[in-house]
Amino acid sequence: MHMADALLSPVVGTTLWAGTAAVSGYASRKLKREIDDRTIPLMGVLGAFIFAAQMVNFTIPGTGSSGHLGGGMTLAILLGPHAAFLVMASVLTVQALFFADGGLLALGCNIWNLGVYPCYLVYPFIYRPLVGGSKKPGRILFASVASVVLALQLGAFSVVMETLLSGKSELPFGAFVLMMQPIHLAIGIVEGFVTAGVINYVRSARPEILESLAVSRPMGADVSLKKVMMTFAVLAVITGGALSWFASTHPDGLEWSIEKITGKAELPEQEHGIAPALKTIQEKTAFLPDYNFRMGTDFKSVPKKEEAAPSWPGIDAGTSTAGIIGAAIVLGMIMLIGMGIRFFRRRESR
Amino acid sequence: MTFDEKYFDIGRLDRLSYGETFMHRLDPRAKVIGTMLFLLTVISFPKYEIAALVPFLLYPALLVAVGEIPVRFIVKKMIVVSPFAIFIGIFNPILDTRTAAVIYGVSVSAGWVSFLSILMKFALTISAALLLIATTSFSGVCHALRRLGVPALFVSQLLFLYRYLFVLMEETMRIIRAREMRSFGKRGTGLRVFARLIGILFLRTVDRAERVYYAMLSRGFQGDMPSLKRSRMVLPDLAFLSVMIASLWVFRFFPVTDGIGRIAQGLLR
């Protein structure tokens with residue numbers, strides 16, 4: 001459920017990057033005050049642990065397919081929210097760089113979806129109250145399953161929102177939600193059991209490790225509800241601001257089709273995100289502002305183009321034929337350049 | 001992919017970054033900034049744009065050629081992560097059936113256009129990210145991030161993670177082999193055993209972290225990880241960045257592909 005770059009618009013991507021950067025800064029500052037040097041290597045090695053653990057497969061009961069650990073909730077329980085958040089963020093960063101899981105712009109979204117929810121919402125407000133200092137395995141199991149399910153539901157819902165707000169996918173909201181939430185409900189239940197299993201195992205095998213980690217870890221109690229609410233309110237305002245800007249530059253369906261019929265819109269493909277802002281720069285800088293020269297008009301498909309135009313005026317056939325020819329030529333040139341460099345390099349090294 | 005394959009895969013990408021080419025020698029900061037600008041520009045194109053995205057392939061192509069990176073390896077890694085983008089994108093042709101263009105008598109629906117656009121953006125963004133690591137090395141990227149203002153704590157976290165990734169993966173590999181030796185078919189791969197395995201791995205990790213800490217302490221660790229490598233932006237770095245910005249600007253705001261196509265049409269006639 002990693003968000004992908006290709007489905008993102010710049011506004012959504014940078015907004016979530018900003019949100020994630022703010023939370024990372026907060027977590028770093030909190031941690032610096034509360035930890036000793038010892039925790040730094042511990043966190044780093046635990047990041048590698050999560051990474052390695054995610055590569056181990058297990059069989060999901062009843063289905064025969066295999067799954068792997070997500071790990072956000074496990075870390076939050078074992079390390080506390082701040083350290084867990086930074087470890088998750090680092091794991092996702094390495095995954096984005098080495099496996100290109102998601103991508104670098106979507107990294108903000110992914111850290112938000114898989115790090116912020118388990119560490120800063122679910123752990124302090126669901127898991128801790130549910131467990132309440134109890135050491136009974138049954139209680140821990142119940143709390144873990146509930147927490148992981150909730151965290152994954154929030155994450156999955158965010159993937160839906162991020163995709164829809166970016167406007168690159170045609171999926172309607174309802175169908176998308178119906179597709180994402182049940183899958184992640186199943187995953188959440190399984191992962192909840194695994195999380196509880198790990199916590200209970202560590203507690204029974206080496207209780208002193210949990211105790212010693214607990215000394216250096218900031219507890220949920222000092223994360224006050226008020227502060228968290230304030231942070232989320234501020235983030236909501238920022239997000240809302242950015243999104244309303246986005247929404248206002250994105251005419252709704254009705255408006256858009258009216259524009260089409262009356263033929264007022266000049267360049268309707270420029271409706272997304274920062275594109276309008278870029279467009280004004282473009283208009284100031286471009287020496288060929290309206291580049292649809294009438295060169296390809298006597299082309300074969302022109303009459304059909306006239307038919308197609310009212311239903312979908314974003315691309316007209318003249319532009320698209322030129323586009324295809326141009327694309328083929330550019331592609332050929334790029335391949336020639338690449339192969340040329342390779343060829344000369346090999347000759348040199350020989 | 002089996003565990004061993006994943007393990008060797010990371011190692012291979014890491015080894016690629018030891019290369020000694022122009023691309024490898026550029027300052028990591030220049031490459032990090034350049035890559036981010038590249039990604040933002042690619043993503044800023046509207047939903048139905050394909051042709052204007054083609055010139056951007058020049059950047060990964062140049063990185064591959066100059067950086068002497070094997071194309072197959074990168075393409076294979078891209079295919080491995082493609083399912084999510086394809087899975088979400090494939091609904092576009094199904095749901096958006098308005099005719100976008102008629103090319104030589106074949107009508108193309110708007111959904112296919114936007115799906116192709118998603119695939120194109122996917123290829124560009126993923127290859128740019130992979131090639132950044134392949135030409136820069138992970139620690140290079142980390143030190144660049146440090147100097148670009150990312151909190152020191154987070155950067156040392158990344159460096160530690162990376163340093164111990166290989167150690168812990170070998171540990172995990174041994175655990176998995178032991179599990180495979182003792183389990184026949186699907187037996188022993190269930191949830192209960194898995195939770196135990198992860199628990200054991202966690203305990204070993206904590207013990208290892210303790211030893212690592214003492215070892216570092218005896219070598220003068222004070223909570224920071226300095227780098228001895230040169231890091232000054234010199235002429236090639238600045239040249240790289242300015243060429244990058246200039247070409248991104250041209251490819252974003254001028255219809256390069258279209259123009260070439262029209263000139264070719266004019267010549268053919």
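1. Surface of chain A. In this predicted model, chain A has an accessible surface of about 15200 Å². Carbon and sulfur atoms account for 68% of that area. Of the 350 residues in chain A, 53% are buried.

2. Fold of chain A. The secondary structure of chain A consists of 13 helices and two strands. Among its contacts with a separation of 6 or more, 71% join residues that are 24 or more positions apart.

3. Helix 6 of chain A. This helix covers residues 137-166, which is 30 residues. How does the span between its end C-alpha atoms compare with the value expected at 1.5 Å a residue? The expected span is 44 Å and the end C-alpha atoms are 43 Å apart, so the two values agree. The residue that follows helix 6 is A:G167, and its phi is positive, near 70°.

4. A:N200 in helix 7. A:N200 belongs to helix 7 of chain A, which comprises residues 173-205. Is this residue buried or exposed? A:N200 has a relative accessible area of 18%, and because the cut-off for burial is under 20%, A:N200 counts as buried. Leaving aside residues up to four places away in sequence, A:N200 touches A:P137 and A:I140. A:P137 and A:I140 both fall within the range 137-166 of helix 6. By contrast, the C-alpha atom of A:Q153, 47 residues from A:N200 along the chain, is separated from that of A:N200 by 24 Å.

5. Overall form of chain B. Chain B has 269 residues, and a compact globule of that length would have a radius of gyration near 18 Å. The value for chain B is 24 Å. Along the principal axes, the C-alpha atoms of chain B fill a box of roughly 75 × 55 × 30 Å.

6. Composition of chain B. There are 13 helices and two strands in chain B. Buried residues amount to 56% of its 269 residues. Of the contacts in chain B with a separation of 6 or more, 75% are between residues 24 or more positions apart.

7. Surface and charge of chain B. The exposed area of chain B is about 12400 Å², with 65% supplied by carbon and sulfur atoms. Its side chains include 33 positive and 17 negative ones. The centres of these two sets lie 3 Å apart.

8. B:E68. This residue is not a glycine, yet its phi is positive, at about 55°. Where does B:E68 lie in chain B? B:E68 is in the loop between helix 4 (58-67) and helix 5 (71-81). Its relative accessible area is 45%, so B:E68 is partly exposed.

9. B:S137. A positive phi, of about 80°, is also found at B:S137, which is not a glycine. B:S137 is placed in the loop between helix 8 (110-136) and helix 9 (138-147) of chain B. The relative accessibility of B:S137 is 12%, and B:S137 therefore counts as buried.

10. B:F22. Helix 2 of chain B, residues 22-25, contains B:F22. With a relative accessible area of 36%, B:F22 is partly exposed. Which residues does B:F22 touch, not counting those up to four places away in sequence? The contacts are with B:V66 and B:P236. B:F22 and B:P236 are 214 residues apart in sequence, while their C-alpha atoms are 9.0 Å apart in space.

Key. Residues numbered from 1 in each chain as written. Chains lettered and ligands numbered in written order. Heavy atoms only, no water. Helix = DSSP H or I, 4+ residues; strand = E, 2+ residues; numbered from the N terminus. Expected span 1.5 Å × (residues − 1). Rg over C-alpha atoms; globule rule 2.2 N^0.38 Å. Buried < 20%, exposed > 50% of the residue type's maximum accessible area, 1.4 Å probe, protein only. Contact = heavy atoms within 4.5 Å. Areas by Shrake-Rupley, 256 points an atom, 1.4 Å probe, with all protein chains shown as cover. Lys, Arg positive; Asp, Glu negative; His and termini not counted. Charge placed at Lys NZ, Arg CZ, Asp CG, Glu CD.
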